[in-house]
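Welcome! Have a look at the molecule below, turn it around a little, and then read on for a guided tour.

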Amino acid sequence: MSDTWAGPALQVDRLVVGMGGQTILNEVSLSVPARGVVTVLGANGVGKTTLMRAISGIYSAASGSITFAGEAITHLAPHRIVARGLAQAPEGRQVFSSMSVRENLVLGAGALAGREFDRTFDEVLQRFPLLRERLAQLAGSLSGGEQQMLCIGRALMSRPRLLLLDEPSLGLAPKIVKQIFDLVASIRDSGTAILLVEQNVRAALKVADHAYVMEGGRIVLEGTAAQLRDDPRVRDAYLGGAAGH
Ligand SMILES: Nc1ncnc2c1ncn2[C@@H]1O[C@H](COP(=O)(O)OP(=O)(O)OP(=O)(O)O)[C@@H](O)[C@H]1O
Ligand SMILES: [Mg+2]
């Protein structure tokens, strides 16, 4: 992203993605500003991961467009999208188990080299002191929470302007979940825009500025995080009823 770009980080416009003859994403449009957190909420199987993979270039669009920092990335290869400053910490962490923590981080750096690499490596380890202690350890021997930290750290190694996070808190203990959400807030505060997919709706709406709700491959609701927190449809479907908690 050029430093002079003043528009939104990401603009998805009427994106359609099909798989095996089925339409998985049906004219999805959304926008992520250059700063802040946008969250995409929705039940299992509505297409959230498909959306993240399409933005990252892993799945291809049947129609519609994806614009990053004002330039079309709709049909770019994933590594070119990362090189432009859009990185993803995928669902299910997907660290390379039989490689060390250090090797996993190096892989995330893409084309970064020399002093720029050293500086980034140091910044990421400052954010995750726990990974510094385990640099030589195999990624597969880390706990679930540590693997999630590594997965996010690996994505940050490319110095992204926009970070996609797909269910970062899934399956983790409450204490670790809190750490993950604190981390999301601190990455946001350092100026990286974030698109967050979460089933922990309460926590997601707390950290997010803006939210979209997906059902059956479509966006069915959008608003500020505060508006959605107070929306009876969101409270009933995702926040455990009208009383909330
Ligand atoms: N590679 C694929 N081939 C065929 N169908 C797929 C593929 N990937 C996803 N789907 C289908 O697309 C739909 C959306 O799946 P997706 O993983 O995007 O949902 P999700 O919202 O991320 O769900 P979850 O909350 O469980 O992670 C599902 O019906 C799924 O079966
Ligand atoms: Mg998913």
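What follows is a short walk through this predicted model, from a sheet to a ligand, a core and a few unusual loop residues.

**The sheet**

A good place to begin is an open sheet of four strands, ordered S2-S1-S4-S5 and paired in the antiparallel sense. Its edges are formed by strand S2 (22-32) and strand S5 (71-72), each of which pairs on one side only. In general, strands of a sheet pair through backbone hydrogen bonds, either parallel or antiparallel.

The pairings can be followed from one strand to the next. Strand S1 (residues 10-19) is joined to S2 by seven antiparallel bridges, and one bridge to look for links Gly-18 with Thr-23 of S2. S1 also runs antiparallel to strand S4 (residues 63-68), with five bridges between them; here Val-12 has Ile-66 of S4 as its bridge partner. S4 and S5 are antiparallel too, held by two bridges, and Phe-68 stands opposite Glu-71 in S5. The hairpin of S4 and S5 has two residues between the strands, and Ala-69 in this hairpin takes a positive phi near 50°.

Val-16 is a handy residue for seeing how S1 sits in its surroundings, as its place is in that strand. Setting aside neighbours within four places in sequence, Val-16 is in contact with Thr-23, Leu-25, Asn-26, Glu-27, Ala-61, Ala-62, Ser-63 and Gly-64. Is Val-16 buried or partly exposed? It has 16 C-beta neighbours inside 10 Å, so Val-16 counts as partly exposed. From Val-16 to Gly-92, 76 residues apart along the chain, the C-alpha separation is 24 Å.

**Around the ligand**

Next comes ligand 1. Which residues are around ligand 1? They are Met-19, Gly-20, Ile-24, Gly-42, Asn-44, Gly-45, Val-46, Gly-47, Lys-48, Thr-49, Thr-50 and Glu-91. Sorted by class, this shell holds three nonpolar, seven polar and two charged residues. Helix H1 (residues 48-55) supplies the largest share of the shell, three residues.

H1 itself is mostly covered, with seven of its eight residues buried. These buried residues are Lys-48, Thr-50, Leu-51, Met-52, Arg-53, Ala-54 and Ile-55. After H1 comes Gly-57, whose phi is positive, near 85°.

**The core and helix H6**

The largest nonpolar core has 69 residues, and those with the most contacts inside it are Leu-162, Leu-163, Ile-194, Leu-195 and Leu-196. Helix H6 (residues 144-156) gives the most to this core, with six residues. For a view from one core residue, take Leu-195: leaving aside its neighbours within four places in sequence, Leu-195 is in contact with Leu-10, Val-32, Val-38, Val-40, Leu-162 and Leu-164.

H6 deserves a closer look. Eleven of its 13 residues are buried, so the helix is mostly covered. The buried residues of H6 pack against strand S6 (86-89), helix H3 (101-108), helix H4 (114-127), helix H5 (129-133), strand S7 (162-166) and helix H7 (174-189). Among the buried residues are Glu-146, Arg-154, Met-149 and Leu-150. The length of H6 can be checked as well: at 1.5 Å a residue, its 13 residues should span 18 Å, and this agrees with the 18 Å between its end C-alpha atoms.

One pair of residues shows how parts of the chain come together in space. Glu-123, found in helix H4, is 30 residues from Gly-153 in sequence and 9.7 Å from Gly-153 in space, C-alpha to C-alpha.

**Partly exposed residues**

Two loop residues stand out for their backbone angle. Most residues other than glycine have a negative phi. Gln-94, in the loop between S6 and H3, has a positive phi of about 55° although it is not a glycine. Arg-159, in the loop between H6 and S7, also has a positive phi, near 55°.

The table lists these two residues with Glu-123 and gives the neighbour counts behind their class.

| Residue | C-beta neighbours inside 10 Å | Class |
|---|---|---|
| Gln-94 | 13 neighbours | partly exposed |
| Glu-123 | 15 neighbours | partly exposed |
| Arg-159 | 18 neighbours | partly exposed |

A residue is buried if it has 20 or more such neighbours and exposed if it has 12 or fewer, so counts in between mean partly exposed.

Technical notes: Residues numbered from 1 in each chain as written. Chains lettered and ligands numbered in written order. Predicted model: local features only at pLDDT ≥ 70, side-chain atom pairs only at ≥ 80, totals over all residues. Core = buried A, V, L, I, M, F, W, Y, C linked by C-beta atoms within 7 Å. Contact = placed C-beta atoms within 7 Å. Pairing = 2+ DSSP bridges. Near = placed C-beta within 6 Å. Nonpolar A, V, L, I, M, F, W, Y, C, P; charged D, E, K, R; others polar. Expected span 1.5 Å × (residues − 1).
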